[in-house]
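This report describes the packing, the charged pairs and the sulfur links of one protein chain. Please read it alongside the sequence and the coordinates.

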Amino acid sequence: MTPHRNGSTGVSDFLLNCFVRSPRWQHWLSLPLSLLFLLAMGANAILLITIRLEASLHQPMYYMLSLLSLLDMVLCLTVIPKVLAIFWFDLKSISFSACFLQMYIMNSFLAMESCTFMVMAYDRYVAICHPLRYPSIITDQFVAKAAIFILARSILITVPIPILSARLHYCERTVIENCICANMSVSRLSCDDVTINRLYQFAGGWTLLGSDLILIFLSYTFILRAVLRLKAEGAVAKALSTCGSHFILILFFSTILLVFVLTHVAKKKVSPDVPVLLNVLHHVIPAALNPIVYGVRTQEIKQGIQRLLKKGWK
């Protein structure tokens, strides 16, 4: 099966070949991945419904958490169903247009998620370092402006990524050695020079994710400095607990991403299937754990879910 069309003349099909060197991984991964996907969709749906129906949760911090849940759900739906279709039914074919649409959604929504974490870090910074000014700074209007900024920045900067890949000529090579249409996995099939693609991917990644991580680091540096100055008994523990959930989510997000980058750097020492696996897991593990962490650690959300469950049983 080698359907092919030139990237500039029309639609063609690619084949997604997930684990070229370790095909058995598909068998033992299919069930855990399915369960993680169901957990991610169910937990985020419960969190969104709880925030929507509970008036006490109609606050800026929870609006940002709702945005994070929506982004997680879109990323999961963009990637995991196709991966499971490959695992369960061997449906490896993906159309030219669907491949580049998936590429764009993955890049733009990953950037949106990173920027959302940065805004949430700023929210925690204001809450700890300027508590008296928090209600006047972190308002519903602030959240609306932040959401517009997150969407506009991510959408505009990531648009060239699929466009640059789609304009390439793909000759007779149509088998992508990945479970998803990652930019460089697709671009390397081309017989054209992909230097511009590589440079833009690198520059765009550092501009978006790099700047967000730097600002998150600065926010937590100021938070830690402010917390260590607190003299009241129990004040340090209380202050840190308000940031705990957000900090754990950032660790989920950045750790898998960091390991993914490091395996790419050390690709000669690591099986090429390892980055493919990490890329897939990065789209489902944080999405599954984010709502659980907030649900367990945030008393208001926990109580809101309990009230909704009691209403449901009546």
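In which helix does Arg153 lie? Arg153 belongs to helix H5, which spans residues 140-158. The model is a predicted one, and every value below was computed from it.

**A buried arginine in H5**

With a relative accessible area of 13%, Arg153 falls under the 20% limit and is therefore buried. Its side chain makes a polar contact with the side chain of Asp212, at 2.7 Å. Asp212 also appears among the residues that Arg153 touches beyond four places in sequence, together with Ala111, Cys115, Thr207, Leu208 and Ser211.

**Nonpolar cores**

The largest nonpolar core holds 43 residues, and the members that touch the most other members are Phe14, Phe19, Leu33, Ile80, Phe87, Cys179 and Val186. Two or more residues of this core come from each of strand S1 (13-16) and helices H1 (25-53), H2 (60-89), H3 (96-129), H6 (160-166), H10 (273-282) and H11 (285-297). The greatest contribution is that of H2, with eight residues. Apart from this core lies another, of 38 residues, including Tyr134, Ile150, Ile250 and Tyr294.

Phe14 illustrates the packing around one member of the largest core. Leaving aside residues up to four places away in sequence, Phe14 touches Lys92, Ser93, Ile94, Phe96, Cys99, Phe100, Tyr170, Thr174, Ile176, Val186 and Leu189. Val186, one of these contacts, is likewise listed with the core members that touch the most others.

**Disulfides**

How many disulfides does a search of the whole structure find? The search returns two. In one of them, Cys18 and Cys179 have their sulfur atoms 2.3 Å apart. Cys18 sits in the loop between S1 and H1, and Cys179 in the loop between S3 and H7, so that the link joins distant parts of the chain, 161 residues apart. Both cysteines are buried.

The other disulfide pairs Cys99 with Cys181, at a sulfur-to-sulfur distance of 2.1 Å. This link is left-handed, with -120 degrees about the S-S bond. Because Cys99 lies in helix H3 and Cys181 in the loop between S3 and H7, the pair ties together parts that are 82 residues apart in sequence. Cys99 counts as buried at 0% relative accessibility, and Cys181 is likewise buried at 0%.

Two further cysteines may be set beside these. Cys76 is buried, with a relative accessible area of 0%. Cys129, by contrast, has 21% relative accessibility and therefore counts as partly exposed, the limit for burial being under 20%.

**Asn178 and its surroundings**

The loop between strand S3 (175-176) and helix H7 (183-187) also contains Asn178. Is Asn178 buried or exposed? At 4% relative accessibility, Asn178 counts as buried. Its side chain reaches the backbone nitrogen of Ile180 at 3.5 Å. Beyond four places in sequence, Asn178 touches Leu16, Asn17, Cys18, Ser185, Val276 and Asn279. One of these residues, Cys18, is a partner in the disulfide with Cys179.

**Salt bridges**

The structure holds four salt bridges. Among them are the pairs in the table.

| Salt bridge | Closest N to O distance |
|---|---|
| Glu54 and Arg307 | 2.9 Å |
| Asp90 and Lys92 | 3.9 Å |
| Asp123 and Arg124 | 2.6 Å |

The pair of Glu54 and Arg307 links distant parts of the chain, 253 residues apart: Glu54 is in the loop between H1 and H2, and Arg307 is in helix H12 (residues 299-313). The two partners differ in accessibility: Glu54 is buried at 7%, whereas Arg307 is partly exposed at 34%.

In the pair of Asp90 and Lys92, Lys92 is partly exposed, with 26% relative accessibility. Lys92 is also one of the residues in contact with Phe14. The distance of 3.9 Å between Asp90 and Lys92 satisfies the salt-bridge criterion because that cut-off is 4 Å. In the remaining pair of the table, Arg124 and Asp123 are both buried.

Notes. Residues are numbered from 1 along each chain as its sequence is written. This is a predicted model: local features need pLDDT of at least 70, side-chain atom pairs count only at pLDDT 80 or more; totals for chains, interfaces and linings use all residues. Side-chain values use heavy atoms; hydrogens and water are left out. A nonpolar core is a set of buried Ala, Val, Leu, Ile, Met, Phe, Trp, Tyr and Cys residues joined through side-chain atoms within 4.5 Å. Buried means under 20% relative accessible area, exposed over 50%, partly exposed in between (1.4 Å probe, protein chains only). Helices (H or I, at least four residues) and strands (E, at least two) are DSSP runs, numbered from the N terminus. Contact means heavy atoms within 4.5 Å. A salt bridge is a side-chain nitrogen of Lys or Arg within 4 Å of a carboxyl oxygen of Asp or Glu. A polar contact is a pair of N or O atoms within 3.5 Å; within protein, one must be able to donate a hydrogen and the other to accept it, and residues adjacent in sequence count only if both atoms are side-chain atoms. A disulfide is a pair of cysteine sulfur atoms within 2.5 Å.
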